Structure formats: structure tokens, C-alpha cells
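Reader: I am new to this structure. Could you walk me through it and show how each label is earned?

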Amino acid sequence: MAKKEEKTNVMRTLEQKKIPYTPHTYDPNGPIDGVSVARTLGQDPACVFKTLVTRGASGGYYVFDIPAAESLDLKKAARAVGEKSVAMLPQKELLPLTGYVHGGCSPVGMKKQFPTVFHATAADLPAIMVSAGRIGHQVQCDPQALLSLLGAKTADIIVD
């Protein structure tokens, strides 16, 4: 008998909000960096977005989603959210703050919704993939629906 697909909080949230998605899985014991995950799933790394959490100079938290092969430009990110500066959140603070572990962090379904910015290319893609909230699981969906769900904006936030 086939094992029933285990749903993550991200999947349940998308279903509740009636946002269609396609689940994808990969070996959670293999490499979990975004580019490796994209290759494993046969996807263009430009369509697979990684979720990064930062703390601003004011003490606020911000979520940035960028293509897997890119690097976040902290100065551009700070400008995008109106902060003097932002710094990457230390890994040990990620789980208590978001409910997600490093490598399985999703912009959907965090313990609290933080201001979220996707790289500008997200809005132009037919579909994007983000973590489903667990290492080994990704969801692919319409970027406009995702941006709308999260109240996210887009900006140029990657290193040139």
C-alpha cells in the first residue's frame, strides 16, 4: 500500500487559502543548499527561491526570498524594508522565531508573519518553488498568489 503524502503546515495553509500547488520531495539526507535541491528536482535554480530571515537595526525581523543561486545584498535588502541596516539572523534563533529549521525555512506559515520581500524576478516567473517547511519538501505555485497571500513586495535585493 502506498504511503500517504505527509502534509506540511505550508501545504495546509496553501490549501486553506485555495492556492494550488505542486508538492516536490527530495532526499533530506543529501545536499540541502538551494542549487543542489533545484538540480535534484530538475528545476532551474532561478525558479527555486530560498528564504532568508534577517533582523533590522530597529530590532524588527524581515524575510527575504531570493533565487537559489543568488546572494542577498544586505544594503539593498535594508533599503527595501526602510531600515538603516539588516543582518542575517543567527541560525540558533531561526527555529524559536519562525518554527522552521535551517534548510527548511518557508515564507509561508511562520509562527508570526514578518514583512516579506521577494526578488523582483519572482513576479515575472510562471511558477516558483519555495520550501514546504521541512527539509526534503518543496512546493511549486503561482508567484502572484504567493505574493498576495504573504502581502509581500518585490525589489532588487541580490548582489550584482
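Author: Happily; here is how some labels follow from the values. This is a predicted model, where local features need pLDDT of at least 70, side-chain atom pairs count only at pLDDT 80 or more, and totals for chains, interfaces and linings use all residues. Residues are numbered from 1 along each chain as its sequence is written, and side-chain values use heavy atoms, with hydrogens and water left out.

Reader: How do you know that the radius of gyration of the protein chain agrees with a compact globule?

Author: The rule, applied to C-alpha atoms, is 2.2 Å times the number of residues to the power 0.38. For 160 residues a compact globule would come near 15 Å, and the protein chain has 15 Å, so the two agree.

Reader: Why is Phe-49 called buried?

Author: Buried means under 20% relative accessible area, exposed over 50%, and partly exposed in between (1.4 Å probe, protein chains only). Phe-49 has 3% relative accessibility, so Phe-49 counts as buried. Phe-118, at 0%, is therefore buried too. Across the protein chain, buried residues make up 47% of the 160 residues.

Reader: What makes the pair of Phe-49 and Phe-118 tilted?

Author: The structure holds two aromatic pairs. In this one the ring centres of Phe-49 and Phe-118 are 6.0 Å apart and the planes stand at 45°, so the pair is tilted. Rings of Phe, Tyr and Trp (its six-membered ring) pair if their centres lie within 6.5 Å; planes under 30 degrees apart are stacked, over 60 edge-to-face, and the rest tilted.
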